[in-house]
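I opened this notebook to record what I looked up, one topic at a time. The entries follow the order in which I took the topics.

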Amino acid sequence: MPRVHAFTDDALGRLDAVGVAEALSRRDVSATEVIEAAIARVELVDAELGAVAYRTFDRARREAAGPRTGFFAGVPTLIKDNVDVAGVPTRHGTDAYVASAARRNGELTAMLMKLGLISLGKSQLSEFGFSATAEHPRLGPVRSPWETELPAGASSAGAAALVAAGAVPIAHGNDGGGSLRIPASVTGLVGLKPTRGRVAQDAYYTLLPLRIVADGVLTRSVRDAAAFLREAEKVHRDLALPPVGAVSGPGRRLRIAVCTEVLDRRASPEVADLTMRTASLLAELGHHVDRVAPPVPPTLPDDFILYWGSLALTVANSGPLRGRTWDRSRLDNLTRGLADHTARHLRHLPGAILRLRRVAEIARGFHEAYDVLLTPTVAHETQPLGYLAPDQEFAVVFERLLGWVAFTPWANVTGGPAISLPLATTASGRPQGMMFGAASGQEATLLELAYELEAARPFPSLADDPGR
């Protein structure tokens, strides 16, 4: 099982993002030392992982040499290549056009910079974020550092691969159908999708008819995820949401529902068993746990697919915005297939959007009875590269995708927060995330539970791997 990591005895060591920030604050290390260590680590692993879409190493060195403010001042990161960074092209994981440099930072990048993070560049994603695996037929796949013959998930695959491999302690990602949580599950990380509106976003995502995309980070520790939200709301605060505040440990006993199926989609026997073992751990910790039928209405899968496809249809017809280099024929089969699906059923799209908006009310009713919903993050063990490759016939890859990611879109539709934690390992040694969802605005509840589970069942790390 080929593994790749960059953990070594340098300025980053085995520290998480909070640990690096504290070391910088104490002046145990300098920002220049930290950035040089991160650059060296990226260079060490990326030839095998394929996780970096664009490098801005020299810019990072200049920023490290100057003054920085913010809790994460001097901590290295990467920004997913579907948000704007001034002077850098936004390529969205595709080679269907030649992107020009962005004129200014997007809202998300501006927020990250105010936190003090220093970006080393852009991380790779699946084409326009549509697939649950980043396996571009020409740009190449993003590989999991746990097993390089596996994908690193999607669409925030590059971010996950680099954090899990120890190249950086924290990296930006976003999630429109599981794209933070799925790569977290695949690579053994913490992946928190915040509540809709919690974190600043580029304008494109805020103008969607249904805001299914949320921005966040991938981390190796719960405290990093908590610190990110704590600091982010000092920069951007949605007054309609309760504050997250400083969450630093376990909280009250909870009413937890668990399910291992969504309508006609079921978790594999192994993953269902791992989920129920997590439920047993929760009961041992004093939480009230019930096995329930999922609150998902029968119309949701088809409605979500139709809306998901509408975003692909917009992309497929965006040539006038992309410039003369646009070549629709270079879009992968999944993007074109999703677009064609919605084009054939376009008359049903308005009704689908209305029904999807009503799902938030169903979620509110469910969370009056249960504080948290436990499911597996993905329905079965991660399959090798090629299984979800988007150059296959659309019908084949589409059915496989629906079977694997059956559990994640719920939180995107409801707008509530959900977190994937690396609490399980399959018989073949592959990380398998467990997912916890809560009512809108209740990230603190999820973080408190995550702290407790991290202490009860410490997360695995490639830093412990003796092979490199």
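How many of the residues of strand E10 (residues 214-219) are buried? I note beforehand that this is a predicted model. I found 6 of the 6 residues of E10 buried, so I entered the strand as mostly covered, taking buried to mean under 20% relative accessible area.

**Entry: the partners of E10**

I looked up the strands that pair with E10. Strand E8 (residues 170-175) pairs with E10 in the antiparallel sense, over 6 bridges. Within this pairing I noted that asparagine 174 has aspartate 215 of E10 as its bridge partner. Strand E9 (residues 190-193) is also antiparallel to E10, and I recorded 2 bridges there. In E10, threonine 219 stands opposite valine 190.

**Entry: the sheet**

I then followed the pairing outwards. The sheet is open and has 8 strands, in the order E8-E10-E9-E16-E17-E15-E11-E14, with mixed pairing. Which strands stand at the edges? They are E8 and strand E14 (288-291); each has a single partner strand, so one side of each is left without a neighbour in the sheet. From one strand to the next I noted an average twist of 25°.

**Entry: a helix across the sheet**

I looked for what lies on E10 and found helix H8 (residues 222-235). H8 lies across E9, E10 and strand E16 (418-425), and runs at about 145° to E10.

I also checked H8 against helix H16 (residues 443-456): their axes come within 9 Å and cross at roughly 160°. H8 and H16 are therefore roughly antiparallel to each other. I recorded the crossing of H8 and H16 as left-handed. H8 contributes Val222, Arg223, Ala225, Ala226 and Leu229 to the contact, and H16 contributes Glu443, Leu447, Ala450, Tyr451 and Glu454. Sorted by class, this contact has 7 nonpolar residues, no polar ones and 3 charged ones.

**Entry: a second helix pair**

At what angle do the axes of helix H10 (residues 300-316) and helix H13 (residues 349-369) cross? I found roughly 120°, with the axes coming within 9 Å. H10 and H13 are therefore oblique to each other. Their crossing is left-handed. On the H10 side I listed Leu300, Asp303, Phe304, Leu306, Tyr307 and Ser310, and on the H13 side Leu349, Ala352, Ile353, Arg355, Leu356 and Val359. These contact residues divide into 9 nonpolar, 1 polar and 2 charged.

**Entry: helix H14**

In helix H14 (residues 394-404) I listed Phe394, Val397, Phe398, Leu401, Leu402, Gly403 and Trp404 as buried. These buried residues pack against helix H6 (181-187), strand E13 (265-266), H10 and helix H12 (333-344).

**Entry: backbone angles**

Last, I looked up three places in loops. Arginine 27 is not a glycine, yet has a positive phi of about 65°. Arginine 27 sits in the loop between helix H1 (17-26) and helix H2 (31-49). Is arginine 27 buried or exposed? Its relative accessibility is 76%, so I entered arginine 27 as exposed.

Histidine 92 also has a positive phi, near 55°. I placed histidine 92 in the loop between strand E2 (76-80) and helix H4 (107-114). With a relative accessible area of 15%, histidine 92 is buried.

The peptide bond from alanine 154 to serine 155 is cis, and I noted its omega as near -20°. Serine 155 is in the loop between strand E7 (147-151) and helix H5 (157-164).

Definitions and conventions: Residues are numbered from 1 along each chain as its sequence is written. This is a predicted model: local features need pLDDT of at least 70, side-chain atom pairs count only at pLDDT 80 or more; totals for chains, interfaces and linings use all residues. Side-chain values use heavy atoms; hydrogens and water are left out. Axes are lines fitted to C-alpha atoms, for helices over the stretch in contact, and angles run from 0 to 180 degrees between N-to-C directions. Helices (H or I, at least four residues) and strands (E, at least two) are DSSP runs, numbered from the N terminus. Angles under 35 degrees count as roughly parallel, over 145 as roughly antiparallel, 65 to 115 as roughly perpendicular and the rest as oblique. A crossing is left-handed if the near helix is turned anticlockwise from the far one by less than a right angle, and right-handed if clockwise. Contact means heavy atoms within 4.5 Å. Ala, Val, Leu, Ile, Met, Phe, Trp, Tyr, Cys and Pro count as nonpolar, Asp, Glu, Lys and Arg as charged, and the others, Gly among them, as polar. Buried means under 20% relative accessible area, exposed over 50%, partly exposed in between (1.4 Å probe, protein chains only). Two strands pair if DSSP finds at least two bridges between them.
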